[in-house]
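Q: Could you take me through one part of this structure slowly? I am in my first year, so please explain the terms as you go.

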Amino acid sequence: MTQAIYSLDFSILDAIQEHLRTLWLDAVIPYLTMLGDAGAIWILLAIVLMLIPGKRKVGFTVAAALLIDLIICNGILKPLIARIRPYDLHTGIALLIKAPTDYSFPSGHTAASFAAASALLYRKDRLWIPAMVLAALIAFTRLYLYVHYPSDVLCGILVGFLAGWIGWKVATRWIDPHLK
């Protein structure tokens, strides 16, 4: 990453720390970010949708998007780019959560969240609106907690939308014909 990107990333992260940190957000944000841990909320959503007869296609689309996101984000990009996390460079930041042990780029929480939300959007399921709101909140938590750079989160959003679109294409072509 270039010095200009790091400079911009840290100026945004530091502005969040300086102007948005509050005691009540410090209490809420760690729980909000946990919803995105290992894509848990989105996996649960996919399972629930797959169990509802009229929503099975949507559920399988979300599951496909999450699987594609896992391959792209955690299987390819994180190990390939191997970007260290912001708290490793600015060691004076007191983390509110346990320090993640994997690489920073792109944000996996963000990518999974937007993969699921965009899969709902591409399926034209009305759950896409609250899913996008939750995805955006989870993405913000990663910045607030100083565990991702803004460029990690931005690329996580892009990877998520790409995974959602591919998941939608895969589901409509290969899964839908086999579902009632």
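A: Here is a close look at one helix, followed by a helix that helps cover it.

This is a predicted model, in which local features need pLDDT of at least 70, side-chain atom pairs count only at pLDDT 80 or more, and totals for chains, interfaces and linings use all residues. Residues are numbered from 1 along each chain as its sequence is written, and side-chain values use heavy atoms, with hydrogens and water left out.

Let's start with helix α2, which spans residues 23-34. Helices here are DSSP runs (H or I, at least four residues), numbered from the N terminus. In α2, the buried residues are Leu-25, Asp-26, Ile-29, Pro-30, Leu-32 and Thr-33. Because these residues cover an arc of only 165° around the axis, they lie on the same side of α2. That arc is taken from the directions from the helix axis to the C-beta atoms. Turned away from the buried side is a face with the exposed residues Leu-23, Trp-24 and Tyr-31. Buried means under 20% relative accessible area, exposed over 50%, and partly exposed in between (1.4 Å probe, protein chains only).

What covers the buried residues of α2? The cover includes α6 (108-122) and α7 (128-144), where contact means heavy atoms within 4.5 Å.

Now follow α6 to another partner, helix α8 (residues 150-175). Among the α6 residues that meet α8 are Phe-114 and Tyr-122, and the α8 residues they face as a group include Gly-160 and Trp-165.

Note on methods: Helices (H or I, at least four residues) and strands (E, at least two) are DSSP runs, numbered from the N terminus. Axes are lines fitted to C-alpha atoms, for helices over the stretch in contact, and angles run from 0 to 180 degrees between N-to-C directions.
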